[in-house]
Amino acid sequence: ESKNYEEAFRAAHTIKGVCSNLAFNVLGKSSSELSEAMRDGKPLADPALLERVKEDYAATAGAIRALQEALGV
């Protein structure tokens, strides 16, 4: 919303790196696509990329919460 594309790139790139380390493959793929689309501070041309990251993030977080509940953590 603030059009700070450089910061948005860094955020997407950070998510990509964390997902790579934790083998969160689906979120890692979508965040990689988003970060590449915004590399060098480029504005996001395809808002669907951001929506996919949001959806994948919600699904990943939901899976983590379900695992925590199953383990009683």
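Q: In this predicted model, which residues does Leu27 touch, not counting residues up to four places away in sequence?
A: Leu27 is one of the 8 residues of the largest nonpolar core. With residues up to four places away in sequence set aside, the list of its partners is Ile15, Cys19, Val53, Asp56, Tyr57 and Thr60.

Q: How far does the backbone oxygen of Leu27 lie from a polar atom of the side chain of Ser30?
A: Ser30 is found in helix H2, which covers residues 25–37. A polar contact needs N or O atoms within 3.5 Å. The separation between the Leu27 backbone oxygen and a polar side-chain atom of Ser30 is 3.2 Å.

Q: Is Ser30 buried or exposed?
A: Outside its neighbours within four places in sequence, Ser30 is in contact with Arg52, Val53 and Asp56. The cut-off for burial is a relative accessible area under 20%. Ser30 has a relative accessible area of 3%, so this residue is buried.

Q: Which helix supplies the largest share of the largest nonpolar core?
A: The core consists of Phe9, Ala12, Cys19, Leu27, Leu34, Met38, Leu49 and Val53. At least two of these residues come from each of H1, H2 and H3. The largest share, 3 residues, is supplied by H1.

Q: Why does Leu34 count as buried?
A: Leu34 has its place in helix H2 and belongs to the largest nonpolar core. In soluble globular proteins, nonpolar side chains tend to be buried together. The cut-off for burial is under 20% relative accessible area. Leu34 counts as buried because its relative accessibility is 6%.

Q: What is the distance in space between Leu34 and Val53, C-alpha to C-alpha?
A: Leu34 touches Ala12, Leu44, Leu49, Leu50 and Val53, with residues up to four places away in sequence left out. Leu34 and Val53 are 19 residues apart in sequence. From C-alpha to C-alpha, their distance in space is 7.7 Å.

Q: Which element gives the largest share of the lining of the largest pocket?
A: This pocket holds about 440 Å³ of space. Two or more lining residues come from helix H1 (5–22) and from helix H3 (47–71). The largest share, 6 residues, comes from H1.

Q: How many nonpolar residues does the lining of the largest pocket have?
A: The lining has 18 residues, and nearest the centre of the pocket lie Glu1, Ala8, Met38, Leu44 and Leu50. By class, 2 lining residues are polar and 3 are charged. The number of nonpolar residues is 13.

Q: What is the phi of Lys3?
A: Most residues other than glycine have a negative phi, and most peptide bonds are trans. Lys3 lies in the segment before H1 and is exposed, with a relative accessible area of 61%. Its phi is positive, near 65°.

Q: Where is Asp40 found?
A: Phi of Asp40 is positive, near 65°, in a residue other than glycine. Asp40 is exposed, as its relative accessible area is 69%. Its place is the loop between H2 and H3.

Q: How many helices are there in the protein chain?
A: From the N terminus on, the elements run α-α-α, and the chain has 0 strands. The C-alpha trace spans about 45 × 20 × 20 Å along its principal axes. The number of helices is 3.

Q: What percentage of the residues of the protein chain count as buried?
A: The chain has 73 residues. Burial requires a relative accessible area under 20%. The portion that counts as buried is 21%.

Methods. Residues are numbered from 1 along each chain as its sequence is written. This is a predicted model: local features need pLDDT of at least 70, side-chain atom pairs count only at pLDDT 80 or more; totals for chains, interfaces and linings use all residues. Side-chain values use heavy atoms; hydrogens and water are left out. On a 1 Å grid over the protein atoms alone, a cavity is a set of points where a 1.4 Å probe fits but cannot get out, and a pocket is an open set with protein on both sides within 12 Å along at least five of seven lines; lining residues have an atom within 4 Å of a point. Grid points are joined across faces, edges and corners, and a volume is the space filled by probe spheres set on the points. Helices (H or I, at least four residues) and strands (E, at least two) are DSSP runs, numbered from the N terminus. Ala, Val, Leu, Ile, Met, Phe, Trp, Tyr, Cys and Pro count as nonpolar, Asp, Glu, Lys and Arg as charged, and the others, Gly among them, as polar. A nonpolar core is a set of buried Ala, Val, Leu, Ile, Met, Phe, Trp, Tyr and Cys residues joined through side-chain atoms within 4.5 Å. Buried means under 20% relative accessible area, exposed over 50%, partly exposed in between (1.4 Å probe, protein chains only). Contact means heavy atoms within 4.5 Å. A polar contact is a pair of N or O atoms within 3.5 Å; within protein, one must be able to donate a hydrogen and the other to accept it, and residues adjacent in sequence count only if both atoms are side-chain atoms.
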